[in-house]
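User: Hi, I have a structure open and want to get my bearings. Can you take me through it?

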Amino acid sequence: MAKNILITFAFLSLTTFYGCTHQAGQPQPRLEVPAEFTQSGTEPLPDKWWQSLNDPQLNELIEQALNDSFTLKSAWDRLSQAELAAIKTGSYILPAATYSAGYDRSRVETNSTTTYQSEYSAALVLSYELDLWGKIRSDRQAALEDVEVSRNSLCTAALTLSSAIAKTYFQLAETQVQNQVLNAQLKANQDYLQIIELQFSQGLVWAPDILRQRQLIESTQGKIIQNHQQNILLQHQLAILIGQPPASYWNDTDFFLAALGSLPEVTPPSVLLQRRPDVLQALHNVRAADYRAASALADRYPTISLSASGRTSAERISDLFDDWAANLAAGIAGPLFDAGLRDAEAKRRQALLSETINNYSQTVLTALGEVEDALTREKYQRDYLVNLHKQLDLSNQTLERTRERYISGQTDYLRVLDALISSQTLQLTEVSARRGLIENRIDLCKSLAGAWQMKKPDKQIANF
C-alpha cells in the first residue's frame, strides 16, 4: 500500500512540475546606456588591436607573450578547472551505475572431514534522482556559466597583458629617443662652454659663467645616466611580461615612437558591451548567480530517488548468471524542520544575485567611462602636442637671438642659460608627450577591443 502511494505521489509530482525548470533571462544593467559615444573614427579596429599600431616588432613580442606568459597559462588552467567542474556537476543529471564482484572461499570441519566451499558473486546497482524542481539542472547551468566566466577572464587577462606590453614597449622607445636628445643637448652645452671659455680668456665674462655652464653639462650627463637606468629596467620589465627572465635583450635594438593613424571606429555602447570580455565576464557571473538562486529555492522541496539493483551468486563461475535477485526501490526525502536554514540560504542567494547585478552595472559604467576618458585624453593630448611644438619653435628662436646678442656682448650669460634650459626642457617634454599620446591610443584600443582566437598552450605536468 505504501509503495503504491509513493509511486502515485511521484507520478503526480512529475506531471505537475516536470519541465518547470528555471530559465535565466538576459540581465540588464541598472543604468541607462547611451546610444552613441561622443566621438568616433572610421578605421575599423582589428580583433588583435595592437596591429593597428603598425609595428612588426611589437606584434612579435605580444604574440610571444600570448604563448609564453605564465599569467595566461594560469588563466588557461582555471578555465580547464571550470570545464571539468561543469562536467562533474552535469553528471548528476544522468543515472549512476555501480558494479561489484566478489569471491569467497570457506573451510568447513565436520567429523574430522575437511571440505571447502566457494562462492562467486556479482551485483549491479542503478540509482537516479528525479530533478522535479530543476535543482540539478540549475546547478549544471551555473557551472556552465562559470566556464564562460573563466573564458572571459582569460580574454581579459590577455587584453591586459597585451596592453601592458605595448605601453612598456613605447616607454622603452621613449628612453631611446630621449637618449638621442640628451646626447645632442650635451654636445650643444659643450659647444656653449667653449664659447664662454673663449669669452673668459678675452676678459669679457666672469668665472661664474663658466661654472654655471659646467654645472649644466654635469646635469645633462646625470640625466643620461638616469635615462640609461630606466632603459635597462624597462628591458627587464618587458622580458618578464613576455615570459622571459629579466635581462637586457634589446641593447642593440632600435625602438620607435609610432606615428598614429586616424582615430579608430568607436562602436556604439550596445555593441561594445557585447564585445568586451570584462563586461561579458560580469554578465555570466549574474547568470551563474541567478541559477544558483534557483537551485537554493528548489532545495526547499523534497527529493525523489529511484534505484534498481540485481545480485547473483553461485559456487561456479559458469553458473553465476543462472539465478538473479532483483530489487526496485523508490524513496522520498525532504526537510521537515531545519530552523530556517534552507530559507535563509535561498534569501542569501537572492542577495548575492542582486550584488552581482550591481557589480555588472558598475562594470558597464566603468567600460563606458574608459572609452569616453580615452577619447577625451587623445583629443586634448593632440592639442597639447600642437601647443608644445609652438612653444618649442618660439623657444628655439629665443635661444638663437639671445645667443647672438651674448656673443656680440649685448646681454649677459644668465639670459642665455635661461633660454638654453627652457629649450632643452621643452625638447624632453615633447618626447614624453608623444609617448603619452601613444599610451592614450593604447587605452582607447583596449577599451574598445573584444576577444580574439587564442591557441591553448601545450599541457604541462606539474613538477615539484
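User: How do β1 and β2 pair, and over how many bridges?
Analyst: This is a predicted model. In it, strand β1 (residues 96-110) and strand β2 (residues 113-130) are antiparallel, with 15 bridges between them.

User: Which residue in β2 is opposite V108?
Analyst: T115 stands there.

User: And what about the turn of that hairpin?
Analyst: The hairpin has 2 residues between the strands. N111 takes a positive phi there, near 50°.

User: What does β2 pair with besides β1? Which strand do the 11 bridges lead to?
Analyst: They lead to β3, residues 303-314. β2 and β3 run antiparallel. One pair to look at is L126 with its bridge partner in β3, A308.

User: What holds paired strands together in general?
Analyst: Strands of a sheet pair through backbone hydrogen bonds.

User: In what order do the strands of the sheet come?
Analyst: The order is β1-β2-β3-β4, and these 4 strands form an open sheet with antiparallel pairing. β1 and β4 (325-333) are the edge strands, each pairing on one side only. On average, neighbouring strands are turned by 20° against each other, direction ignored.

User: Switching to helices. How many residues does α5 have, and how far does it reach?
Analyst: Helix α5 covers residues 207-241, which is 35 residues. From first C-alpha to last, α5 reaches 51 Å, close to the 51 Å expected at 1.5 Å a residue.

User: What follows α5?
Analyst: G243 follows, with a positive phi near 90°.

User: I clicked on S162. Where is that?
Analyst: S162 lies in helix α4, residues 135-201.

User: Is S162 buried or exposed?
Analyst: Its relative accessible area is 1%, so S162 is buried.

User: What does S162 touch?
Analyst: Leaving out residues up to four places away in sequence, S162 touches W49, W50, I62 and W452. A polar atom of the S162 side chain also lies 2.9 Å from the backbone oxygen of L159.

User: Last topic, cysteines. How many disulfides are there?
Analyst: A search of the whole structure finds 0.

User: Why is C155 not bonded to another cysteine?
Analyst: Because the closest cysteine sulfur, in C445, is 17 Å from the sulfur of C155. That is too far for a bond. A disulfide here has to have its sulfur atoms within 2.5 Å.

User: Are those two cysteines buried or exposed?
Analyst: C155 counts as buried at 11% relative accessibility. C445 is buried too, with a relative accessible area of 1%.

Conventions:
Residues are numbered from 1 along each chain as its sequence is written. This is a predicted model: local features need pLDDT of at least 70, side-chain atom pairs count only at pLDDT 80 or more; totals for chains, interfaces and linings use all residues. Side-chain values use heavy atoms; hydrogens and water are left out. Two strands pair if DSSP finds at least two bridges between them. The expected span of a helix is 1.5 Å times one less than its number of residues. Axes are lines fitted to C-alpha atoms, for helices over the stretch in contact, and angles run from 0 to 180 degrees between N-to-C directions. Buried means under 20% relative accessible area, exposed over 50%, partly exposed in between (1.4 Å probe, protein chains only). A polar contact is a pair of N or O atoms within 3.5 Å; within protein, one must be able to donate a hydrogen and the other to accept it, and residues adjacent in sequence count only if both atoms are side-chain atoms. Contact means heavy atoms within 4.5 Å.
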